[in-house]
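Trainee: I would like a close look at a single part of this model, and then a walk outward from there. Could you take me through it step by step?

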Amino acid sequence: MTMGKTAAGTRPFREIPEITLPSDYPMRVGPFLAEMYQRHGPIFRTNSFGLDIVYMVGPEANRFVLQTDRLKFSYRQGWGNLFSVLDIFGDGLLTMDGAEHDAHRRLMNPAFAIAYMDRYVPLMNRIIRERITKWGERGEIDVYDEARKITFDVAAEALAGLRAGPEVDHFRDVFMRMLTLGMVVGSQQEWEERMSALRRELDDLIRPKIAERRAHPTDDILGLLVTAADAEGQPLSDERIIGHANILLVAGHETSTSLSAWLFGLLAQHPDTARRALAEQLELVGPDAEPSLTDIKAMKYLDLVLMEAERLYPPVSNGPRGVIEDFDFAGYHVPAGTYVFYSIAATHLLPGVFERPEEFDPERFAAPREEHKRTPYSLVGFGGGPRVCIGINFAKVEIKALVSQALRRYELELVPDQTLTQYYRVTAVPLYGIRLRARERAK
Ligand code: HEM
């Protein structure tokens, strides 16, 4: 395909079916886009954000964007510019393209390999134990709030060597104010002013940590970045390290918070599933011990439930990309300069891909059904291809450790008369939280 021209038989951009996003779109991203797929096929577009956004939906679209044709797409334009990650957090793995990205990813990959998780499990277990200890006394908790404290403390210690306490609380508070700023400001100018003040606050927190690591290198990720060299053999600048650290901290807790909260919500709504998950925990770990990495890897039933939570409540709904080279997909031409969203949330709800997709059914992932294996790129809660989420092992180990401890210690029930609603900003939030009653199990 040559730039700017449409191949014979391919329909031009303006003929891509156009849709209008409903006002409640943030509360039903997946179901709405899956419905549009049934009506229009795997590609359609909207202009609701004042920009042309092309939605590409379904496993074939995912394979195209994430694997076969991935070099036609830019993360920098998608995550970086369209989703403002560059303005908010700086330049890190999620906002880089091409050779620069690959070099930085290679640098960080070892610290995210599954074998490396051995060194994070003890700190995950400690932070989880300390945080959940009070649940019984309190009686009622919002598991979304609780999960955020846990995942942030874990990310701060594992990635940046910061021990839980007032300093980490300050970090978490600044991140939260950044993530929610868009909902409280009145104008673009106010947003810019307040965001740059928050960025200065964050920089002031992290810069001394970098200086400390330069003087005394450590083996957490911040230590690794400080001692690393770029392609020219130069050490990474403070700005570069800050960008990486911010993105790892935010990506490392925001998404895990949402997924673990929904996992608890689902277990509370499906007592049979919760009983089977508990039985597996007791068999593997016993009533009181903390799970080891070996135990965590053996939690096959919990894996199924976690995959079903990922399918039904993916923390990232759509992956944004800028188009940097024209392409044809499903009979339509898409020119460079447009934006594409590949849709995670909609793919997970397509009836041709998953049986009765609206139902909670963890067994769909077990042999012999293994629905996710029938169609590659159908379960994409962590993305896919060479740029699959770097934190997938970290997140799964952490969430399983959390469920393991909480399930054996407490009977957890949903507080009655609450509405559970997934709401998508850039990532997902249960809009009114997920409130649970926690009762200490009899020993
Ligand atoms: C439940 C937890 C998580 C979910 C659902 C999740 C989801 C995702 C998704 C969907 C992508 C790909 C985005 C795209 O294709 O546009 C991604 C990328 C990424 N994630 Fe995660 N993530 C999770 C946890 C983590 C953790 C714990 C970390 C770090 C500690 C992390 C760091 C990153 C980074 C740095 C990238 C960009 C990777 C690259 O482009 O090379 N994530 N994540």
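Trainee: Let's start with Pro-287: does Pro-287 count as buried or exposed, and how many C-beta neighbours does Pro-287 have inside 10 Å?

Mentor: Happy to take that one, and please keep in mind that this is a predicted model. Pro-287 has 10 C-beta neighbours inside 10 Å. A residue is exposed if 12 or fewer other C-beta atoms lie within that distance, so Pro-287 counts as exposed.

As for its place in the chain, Pro-287 sits in the loop that runs between helix 13 (271–285) and helix 14 (293–297). If you set aside the neighbours within four places in sequence, Pro-287 is in contact with Leu-282 and Arg-408. There is also a pairing to look at with Leu-407: 120 residues separate Pro-287 and Leu-407 in sequence, while their C-alpha atoms are 10.0 Å apart in space.

Leu-407 takes us to helix 18, which covers residues 392–409. The axis of helix 18 comes within 10 Å of the axis of helix 12 (residues 238–269), and the two cross at roughly 40°. Helix 12 and helix 18 are therefore oblique to each other, and their crossing is right-handed. On the helix 12 side, the contact is made by Gly-252, Thr-255, Ser-256, Leu-259, Ser-260 and Leu-263. Helix 18 brings Phe-394, Ala-395, Glu-398, Ile-399, Leu-402 and Val-403 to that contact. Sorted by class, the residues of this contact are seven nonpolar, four polar and one charged.

These two helices turn up again at the ligand. There are 22 residues around the ligand, and those that come nearest are Gly-252, Gly-319, Gly-383, Cys-389 and Gly-391. Helix 12 and helix 18 are the elements that give two or more residues to this shell. The largest share comes from helix 12, with seven residues. Gly-252 is worth selecting in your viewer: Gly-252 belongs to the contact between helix 12 and helix 18, and Gly-252 is also among the residues that come nearest to the ligand. By class, the shell divides into 13 nonpolar, seven polar and two charged residues.

Now for a few backbone details in the loops. Most residues other than glycine have a negative phi, and most peptide bonds are trans. Against that background, look at the peptide bond that joins Ala-367 and Pro-368: this bond is cis, with omega about 0°. Pro-368 lies in the loop between helix 16 (344–347) and helix 17 (371–374). Arg-356 lies in the loop between helix 16 and helix 17 too, and Arg-356 has a positive phi of about 40° although it is not a glycine. With 9 other C-beta atoms within 10 Å, Arg-356 is exposed.

Ala-330 is another residue other than glycine with a positive phi, in this case near 50°. You will find Ala-330 in the loop between strand 6 (327–329) and strand 7 (332–334). Ala-330 has 19 C-beta neighbours inside 10 Å, and therefore counts as partly exposed.

To finish, here is another helix pair to set beside helix 12 and helix 18. Helix 9 (residues 166–184) and helix 10 (residues 188–215) pack at an angle of about 160°, with their axes 10 Å apart. That makes helix 9 roughly antiparallel to helix 10, and the crossing of helix 9 and helix 10 is left-handed. The residues in contact include Phe-171 and Met-178 of helix 9, and Trp-191 and Leu-198 of helix 10. By class, the contact of helix 9 with helix 10 has nine nonpolar, two polar and three charged residues.

Technical notes:
Residues are numbered from 1 along each chain as its sequence is written. This is a predicted model: local features need pLDDT of at least 70, side-chain atom pairs count only at pLDDT 80 or more; totals for chains, interfaces and linings use all residues. Axes are lines fitted to C-alpha atoms, for helices over the stretch in contact, and angles run from 0 to 180 degrees between N-to-C directions. Helices (H or I, at least four residues) and strands (E, at least two) are DSSP runs, numbered from the N terminus. Angles under 35 degrees count as roughly parallel, over 145 as roughly antiparallel, 65 to 115 as roughly perpendicular and the rest as oblique. A crossing is left-handed if the near helix is turned anticlockwise from the far one by less than a right angle, and right-handed if clockwise. Two residues are in contact if their C-beta atoms, placed from the backbone, lie within 7 Å. Ala, Val, Leu, Ile, Met, Phe, Trp, Tyr, Cys and Pro count as nonpolar, Asp, Glu, Lys and Arg as charged, and the others, Gly among them, as polar. A residue is near a molecule or strand if its C-beta atom, placed from the backbone, lies within 6 Å of it. A residue is buried if 20 or more other C-beta atoms lie within 10 Å of its own, exposed if 12 or fewer, and partly exposed in between; C-beta atoms are placed from the backbone.
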